[in-house]
Amino acid sequence: MCLVDVEFDYINPYDSASRINKIVLPEFFIQGVLCFILLISGYWFMFLISLPYLCYNVRLYMRKQYLVDVTEIYNQLKQEKMLRFIKISYLIVLFVISLIWLILSIEVDQD
């Protein structure tokens, strides 16, 4: 939403970049903890599905490309919006798979 607000000049680039940058590291940490919990608990399929996203986050962090630059936000706007859309789509797919798995496991337990 912050990137759309910048695109239509509803918010200035500095505020938008600071809001986005404030959320990035907690997002990376939560994804890492989730993958670790899946690994420890033995849910190999979900771990393997979550692993590419974790590897991508680690790659961004190691290359120091995870923060949105205030001075380049207009130049990178289209790319950043597409990247965020792909990330949210991937997370929605993971969520749907988790819900289906949960429903199936409840159904199996009742039989």
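Here are some friendly notes on this predicted model, point by point.

1. **Overall make-up.** The protein holds four helices and zero strands, so to speak in the order α-α-α-α from the N terminus on. Of its 111 residues, 25% are buried. The accessible surface comes to about 8,200 Å², and carbon and sulfur atoms account for 69% of that area. If you look at contacts between residues at least 6 apart in sequence, 67% of them join residues at least 24 apart.

2. **Length of helix α3.** Helix α3 covers residues 44–62, which makes 19 residues. At 1.5 Å a residue the expected span is 27 Å, and the end C-alpha atoms lie 25 Å apart, so the two values agree.

3. **The bend in α3.** Helix α3 does bend along its course: the angle is about 35° at L51. A proline, P52, follows within four residues of that position.

4. **The buried side of α3.** The buried residues of this helix are M46, F47, I49, S50, Y53, L54, N57 and L60. An α-helix has 3.6 residues a turn, so residues three or four places apart point the same way. That is a handy thought to keep in mind when you view the list on screen. The cover over the buried residues of α3 includes α2 (13–41) and α4 (77–110).

5. **N57, a polar residue to look at.** Is N57 in helix α3 buried or exposed? Its relative accessible area is 3%, under the 20% cut-off, so N57 counts as buried. Leaving aside residues up to four places away in sequence, N57 touches F28, Q31 and K87. K87 comes back in point 7.

6. **K64, just after α3.** K64 sits in the loop between α3 and α4. Its phi is positive, about 60°, although K64 is not a glycine. Most residues other than glycine have a negative phi, and most peptide bonds are trans. As for its surroundings, K64 has a relative accessible area of 68%, which is over 50%, so this residue is exposed.

7. **A salt bridge between helices.** How many salt bridges does a search of the whole structure find? The count is two. Side chains of opposite charge can pair when their charged atoms come close. In one of the pairs, the side chains of E27 and K87 meet at 3.4 Å, N to O. E27 belongs to helix α2 and K87 to helix α4, so this pair ties together parts that are 60 residues apart in sequence. E27 is partly exposed at 22% relative accessibility, whereas K87 is buried at 8%. K87 is also one of the residues that N57 touches.

8. **A salt bridge within α4.** The side chains of R84 and E80 meet at 3.0 Å, N to O. Both residues lie in helix α4, four residues apart, which is about one turn of the helix. R84 is partly exposed at 24% relative accessibility, and E80 is buried at 13%.

9. **Aromatic pairs, starting with F45 and W101.** The count of aromatic pairs comes to three. One of them, F45 with W101, is edge-to-face, with 6.3 Å centre to centre and 65° between the planes. This pair links distant parts of the chain, as F45 is in helix α3 and W101 in helix α4, 56 residues apart. W101 is partly exposed, at 33% relative accessibility. Together with Y43, the residues F45 and W101 form one aromatic cluster.

10. **The Y53 and Y90 pair.** How are the rings of Y53 and Y90 arranged? Their centres are 5.7 Å apart and their planes stand at 35°, so the pair is tilted. Here too distant parts of the chain are linked: Y53 is in helix α3 and Y90 in helix α4, 37 residues apart. Y53 is buried, with a relative accessible area of 5%, while Y90 is partly exposed at 25%.

Technical notes. Residues numbered from 1 in each chain as written. Predicted model: local features only at pLDDT ≥ 70, side-chain atom pairs only at ≥ 80, totals over all residues. Heavy atoms only, no water. Helix = DSSP H or I, 4+ residues; strand = E, 2+ residues; numbered from the N terminus. Expected span 1.5 Å × (residues − 1). Bend = angle between axes of the 7 residues up to and from the residue. Buried < 20%, exposed > 50% of the residue type's maximum accessible area, 1.4 Å probe, protein only. Contact = heavy atoms within 4.5 Å. Salt bridge = Lys/Arg side-chain N within 4 Å of Asp/Glu carboxyl O. Areas by Shrake-Rupley, 256 points an atom, 1.4 Å probe, with all protein chains shown as cover. Phe/Tyr/Trp six-rings, centres within 6.5 Å; stacked < 30°, edge-to-face > 60°.
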